[in-house]
Amino acid sequence: NISKTMYDAGFGSVRNIGTCAIVAVITDNTLTVANSGDCRAVICSHQGDQLMAKEMSYSYSANNIEEQQRYKSEYPDESDVVFERSPGDFYIKNRRQPTKAFGNFEMKSVDFNNPRNLSSEFGLGP
């Protein structure tokens with residue numbers, strides 16, 4: 001894994017890198033949508049003179065109450081697993097808003113939480 005190799009070499013910032021994505025595929029008469037994180041897919045159509053919008057994806061975000069409940073049930077001993085920075089603005093462990101994303105290794109594996117590689121943004125590390 002190239003990310004782990006870079007991390008072990010002292011490049012601690014790879015632990016913070018992540019991204020969200022959304023993909024839509026049309027085959028025959030079927031639209032399939034897949035997403036990670038807080039990306040949103042919306043399909044629009046005309047109904048008479050009105051333009052209608054329909055959500056086609058689920059928001060994997062700390063602002064989503066269902067995601068907050070999922071994290072609280074998965075980590076019942078961590079009182080700070082869902083953190084509200086300001087009214088209605090939620091984060092997981094006060095670090096990430098998307099709850100499912102590619103990367104963001106610091107939230108997924110203890111292998112990416114070596115104190116010597118922690119960035120100065122958290123006031124930690126050498």
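## S61 and its surroundings

In this predicted model, the side chain of S61 comes to 3.1 Å from the backbone nitrogen of N63. S61 sits in a loop, with strand 5 (50-55) on one side of that loop and helix 2 (65-74) on the other.

S61 has a relative accessible area of 6% and is therefore buried, since the cut-off for that class is under 20%. Leaving aside residues up to four places away in sequence, S61 touches D38, E67, Q97, P98 and T99. One of these, E67, also takes part in a salt bridge, where the side chain of E67 meets that of R70.

## Salt bridges in the model

How many salt bridges are there? The count comes to 3. Side chains of opposite charge can pair when their charged atoms come close.

## The bridge between R40 and E55

One salt bridge joins the side chains of R40 and E55, with an N to O distance of 2.1 Å. R40 belongs to the loop between strand 3 (30-36) and strand 4 (42-47), while E55 belongs to strand 5, so this pair ties together parts that are 15 residues apart in sequence.

Are the two partners buried or exposed? R40 is partly exposed, at a relative accessible area of 42%. E55 is exposed, and its relative accessible area is 52%, which is over the 50% needed for that class.

## The network in helix 2

In helix 2, the side chains of R70 and E67 form a salt bridge at 2.8 Å, N to O. R70 and E67 are 3 residues apart in the helix, so about one helical turn separates them. E67 is buried, with a relative accessible area of 4%, whereas R70 is partly exposed at 24%.

R70 has a further partner: the side chains of E74 and R70 meet in a salt bridge of 3.2 Å, N to O. Here the spacing is 4 residues within helix 2, so E74 and R70 are also separated by about one helical turn. E74 counts as partly exposed, because its relative accessibility is 43%. Through shared partners, the salt bridges join E67, R70 and E74 into one network.

## How the parts connect

E67 appears in both settings described above: E67 is touched by S61, and E67 belongs to the network with R70 and E74. Both S61 and E67 are buried. S61 lies in the loop that leads from strand 5 to helix 2, and E55, the partner of R40, lies in strand 5.

Note on methods
Residues are numbered from 1 along each chain as its sequence is written. This is a predicted model: local features need pLDDT of at least 70, side-chain atom pairs count only at pLDDT 80 or more; totals for chains, interfaces and linings use all residues. Side-chain values use heavy atoms; hydrogens and water are left out. Helices (H or I, at least four residues) and strands (E, at least two) are DSSP runs, numbered from the N terminus. Buried means under 20% relative accessible area, exposed over 50%, partly exposed in between (1.4 Å probe, protein chains only). A polar contact is a pair of N or O atoms within 3.5 Å; within protein, one must be able to donate a hydrogen and the other to accept it, and residues adjacent in sequence count only if both atoms are side-chain atoms. Contact means heavy atoms within 4.5 Å. A salt bridge is a side-chain nitrogen of Lys or Arg within 4 Å of a carboxyl oxygen of Asp or Glu.
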